[in-house]
Structure formats: C-alpha cells, structure tokens
Amino acid sequence: MKKNSMKIITLGAGISGLSTAYWLNKDGFDITVLESKNEPGGSMETRHEEGFLVDYGPNSGLETVPLIRQIVDEIGLREEMIYANDKSDKRYILKNDKLYALPMSPMAFLKTKLFSSRAKLRLLAEPFIGKSKDGYYQSISEFVQRRLGREFLDYAINPFVAGVFAGDPSNLSVKSAFPKLYRLEELYGGLIKGMIKGARERKQSSEQSKQSAKMFSFKTGMQAFPNAIAEKIGDKIKYGCDVQQVVKDRNGYKVLYTHNNNTCEASTDIVLCAIPAYKAASIFGENDGELFKHLNEVYYPPVKVLYLGFKKEKIGRALDGFGFLIPEKENKKFLGAIWSSVIFPKRASDDTAAFTLFVGGARSPELLNCENEKLVHMVIEEFKSIMDIHDDPIFVKEKTWSKAIPQYTLGYIEHERYFEKFETMNQGLFLTGNYRGGISIGDCIKNSEMTYKKITAYTESLA
Ligand SMILES: Cc1cc2nc3c(=O)[nH]c(=O)nc-3n(C[C@H](O)[C@H](O)[C@H](O)COP(=O)(O)OP(=O)(O)OC[C@H]3O[C@@H](n4cnc5c(N)ncnc54)[C@H](O)[C@@H]3O)c2cc1C
C-alpha cells in the first residue's frame, strides 16, 4: 500500500492529536481530524477579555526537546513565541503564611528558612540510602520521604506535585508519574549522584531537564500553538464532530460520529485516538470491556482555574517571581497562584497585574462541590492576605475543568500495559493523549513523534 493511499482518522484536535496529525500530513498520509468542539486546542484555551489575556488551561510550556522549536518554526510561529521574563525565575512556597523563595543553588539551600537545619542535614544521607524494589507501586510520598525526609516531602515535593499534576503525591506512582526521577535511583543509586551523572547524558541527547528548560508561551497566549498547527492542516480538520463509536470492519475501521445532529460514518485504514481516556472508554468500550475498564479507571480530578486582575498600586508585596505553591500542610483553599503578568508581557494593562489560581485537584476535589460564590470569595480573601492586597479584584473569571489532568496513580502501569496489548491486538488502532507518556505540553509533542513513528512502522509492515 502506498502512504498516500492510507487513510488515517485522528480523533481529537488537542495538542496530542494535532501534532501527530501534523507529522502524518507532512509525510503525505491521507488524514482527517474529527474534533467535537468548534476550535482546536482542547485544554489549551486562551480568551481575550476586557484587556486581559486569560489562559484557562496551560499558561506555558517547557522547551524540553528540540522538536518543540522545530514544529514552531515549521508552522511559522517563531516570531510569536516568547520566553518567560528573567524576573519570574523565583518560585515561592507558602509556610506559616509567609512566602519563601525556593532555593535554586546549594548556597541558597543552606541559607533558606524554608527548611530546618535538621531537614538540611538529612539531605546529606541521601547518597547512602539503598535502592527500592518497585517504582510502579511506590508512591511519590514514600519515595521522597525515604530518600529525602519528611520535611522535604511536605515543603518541596507536595506543593510541586500540586503545581504539575494538581496531584496528591501519596497516590501517584513515582515511576509512572516521574519516570526520570525514579530512573536516577534505579540507574545511579541515588538522586544526588544521578543528577550529576544525568546532566552529562542529557548533554549528549540534546534533551533539557525540566529544571533547566526554557519556559515558553506565545504573544497571544498558548492556544496560538494549536491554532497554528490546525491552520497548517487546514480543512482536513472537521469541527463539531463528536465521535461516538469506532468499529472494526473488513477493510479497516468505521468511525461513527454526530455532526449538526446528524449521524455520520467514515471508513478508514487507521484510527489515531487522541481524546481523553474517559471519553475513549465509551467509544471503544462496546468492543472490549477490559479496555473500557482501564480507560475509565484513569483518574482525572476536577480543577477550578480562577483568573484575577488587581490594580498594581493595591498590591503590597513585590511581584518578583513566577508565583507560589501551597503545601497541603498549610491548609488553604487553593493549590497555588501563578503571577501571569510577571511571566509574560501583555497579559494585563500596564497598571494592572494578573494572577491565575488553581483550586481542587486530587488534593481537595471535594472543594468543588461547595457553593461556588462562597468558595471563590474564600480563595480571593486567602490570596489577598498572602499577597498583601488591600482591595478587591477588578477582574474575576473562572473555569472549572470537571476532569482536568490524568493522574498516573499507583498501579497505573496495569493500564499502560493493557493499552499496549490492545494496540497489538487491534492492528491499525493507536491510543495517544496526555494519559500516556506524560501530561506536559513538551511530553505531548515528544510523544507525537513517537506515535507518528509507530504508525509509519505499521504502514511499512503492510507495504
Ligand atoms: C488547568 C490546566 C492547566 C495546565 N497547565 C499546564 C502547564 O502550565 N504546562 C503544561 O505543560 N501543561 C499543562 N497542562 C496539561 C496540558 O495542557 C495537557 O496535558 C495537554 O494540553 C493535553 O493535550 P491532549 O491533546 O492530550 O488532550 P486534550 O487537550 O484534552 O484534547 C483532547 C481533544 O479531544 C476532543 N474530544 C473529546 N472527546 C471527543 C469526541 N468524542 N470526539 C471528537 N473529539 C473529542 C476534545 O474536545 C479536545 O479538543 C494543564 C492542563 C490543565 C487542564
């Protein structure tokens, strides 16, 4: 079979589906993308409202692989790409209602009041702690407490996990959620040893660690990225197409979807499913109960994104960083706040500052069942007190993602193993998306190339 005679239908025009479809389209495959919404981007959603640029999903990405720059260049978005302001390097952690800068150098670590002397001394023991047996069933909490001690877990890793996954470290599998961290122990016998040796390896592979990768966005917000990829793919993307079912037939697959209240059908050789796991469950569930179970068990906690604008003159504390994260122990109603207008330009007018706050997540999903007005009020009051702000916000917008970010929980590996088995049993069917191989934008782009290679290898095997 020739490449351009192979038909591929991609389900979902989030960054995972779009970037994979982009490589396939560039390679001459006959592609169609079916997207249920009327715009591309999925979780990457930007709105321009009353002079504010609001990113309701990701506010930035990390340039961890050269592939990101490659795709940005190819889609003509280079001029639009922006990097985080140097001022935003500092990240704060809340402790006893005060913000402490997270130490970024050994000297700063020795000086910081964020950790007690005992906790600092405890770190010296890390290189002498033995390896663990199984990372897939070991929580991040267990791993970090064993290697680095309780205080480091509570005041560094617990808030960090909330910032990345909106997650709870006691439920996430260290090897599934942070494979690179676990690898340091597995390969080098410890984190400190591994960080030193791992830096050498990365230099050779031209990958950047998440700590050193540059943070990027776009002048008009994160959605500019999927928008530009979608523009390149053009009218091969069909919007308003809600896929209901995929069935195997003699010649490949039949995709059933609704469009403008009509039921439609399309035949294809290959299906690339790039929609969230819980949605994919209903689409494939009828054919395979086991797949339904695995897809449906991937936990996506709810997250409320609260976007606030304040007059700068009313803000008591210096805006000299990226924002702050809140350890669970501090008992607040939100997970942390990003100082959006400090990081990237034109997020608010010159005399205004914009902030993005996150509420709920796996730490406190129950909060989102509270009366909304009351919850928003409590969060704003807590935020004002931490930031020393003496006025009400002049701009408040919110969005609740009822299923926000997939959690790579303990035992998640069983799901991943079944997804692989399912793909082997169902030739021509591929599952992708942020519930496999990483949740960050960088990981989604990196995975798009791997999925593209898997698909081409499959088509070559048919030739
Ligand atoms: C609040 C929030 C903040 C985040 N912050 C960051 C950050 O700062 N940095 C970072 O790197 N990552 C961040 N992330 C994670 C990152 O945004 C996501 O992991 C990534 O965008 C997921 O892309 P995706 O294409 O896999 O899935 P999605 O974006 O969910 O895309 C799936 C697409 O499938 C479509 N779809 C669903 N069902 C159907 C159907 N039946 N038929 C057709 N189409 C369908 C959807 O409409 C959607 O467009 C954040 C996520 C959230 C929610």
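**Exercise 1. Overall fold**

Among contacts in the protein between residues at least 6 apart in sequence, what percentage join residues at least 24 apart? Then work out whether the overall dimensions fit a compact globule.

*Solution.* Keep in mind that you're looking at a predicted model.

- Step 1: take the contacts between residues at least 6 apart in sequence; 71% of these join residues at least 24 apart.
- Step 2: check the radius of gyration. A compact globule with 463 residues would come out near 23 Å, and the protein has 23 Å, so the two agree.
- Step 3: add the box. Along the principal axes, the C-alpha atoms fill roughly 65 × 55 × 40 Å.
- Step 4: look at burial and secondary structure. Buried residues account for 45% of the 463, and the chain forms 16 helices and 20 strands.

**Exercise 2. Domains and their contact**

List the domains of the protein, then describe the contact between domain 2 and domain 3.

*Solution.*

- Step 1: the domain assignment gives domain 1 (3-39 + 221-299 + 409-462), domain 2 (115-205) and domain 3 (301-401).
- Step 2: for domain 2 and domain 3, the centres over C-alpha atoms are 28 Å apart.
- Step 3: count who takes part. Domain 2 puts 11 residues into the contact and domain 3 puts in 13.
- Step 4: sort the domain 2 side that touches domain 3 by class, and you get 5 nonpolar, 4 polar and 2 charged residues.

**Exercise 3. The ligand shell**

Find out which domains the ligand shell lies between, and what the shell is made of.

*Solution.*

- Step 1: collect the neighbours. The ligand has 36 residues around it, with G12, G14, S16, G42 and P58 the closest.
- Step 2: map them onto elements. Those giving two or more residues to the shell are α1 (15-26), β11 (241-249), β15 (303-311) and α16 (441-462). The largest share, 3 residues, belongs to α1.
- Step 3: split the shell by class, which yields 18 nonpolar, 14 polar and 4 charged residues.
- Step 4: bring in the domains. Domain 1 and domain 3 both supply shell residues, so the shell lies between them.

**Exercise 4. A strand and its partners**

Decide how enclosed strand β18 is, and which strands named here pair with it.

*Solution.*

- Step 1: β18 covers residues 352-360, and 9 of its 9 residues are buried, so the rest of the structure largely encloses this strand.
- Step 2: take β15. It runs antiparallel to β18, with 9 bridges joining the two. For one concrete pair, L308 sits opposite F355 in β18.
- Step 3: take β17 (residues 336-338). This strand is also antiparallel to β18, joined by 3 bridges. Here I338 has T356 of β18 as its bridge partner.

**Exercise 5. Two odd backbone angles**

E50 and N96 each have a positive phi without being a glycine. Are these residues buried or exposed?

*Solution.*

- Step 1: start with E50, whose phi is about 50°. The residue belongs to the loop between β3 (46-49) and β4 (52-55).
- Step 2: count the surroundings of E50. There are 11 other C-beta atoms within 10 Å, and exposed means 12 or fewer, so E50 is exposed.
- Step 3: do the same for N96. Its phi is about 50° too, and N96 sits in the loop between β7 (91-95) and β8 (98-101).
- Step 4: N96 has 8 other C-beta atoms within 10 Å, so this residue is exposed.

Definitions and conventions: Residues numbered from 1 in each chain as written. Predicted model: local features only at pLDDT ≥ 70, side-chain atom pairs only at ≥ 80, totals over all residues. Near = placed C-beta within 6 Å. Helix = DSSP H or I, 4+ residues; strand = E, 2+ residues; numbered from the N terminus. Nonpolar A, V, L, I, M, F, W, Y, C, P; charged D, E, K, R; others polar. Domains from an automatic or database assignment. Buried ≥ 20, exposed ≤ 12 C-beta atoms within 10 Å, placed from the backbone. Contact = placed C-beta atoms within 7 Å. Rg over C-alpha atoms; globule rule 2.2 N^0.38 Å. Pairing = 2+ DSSP bridges.
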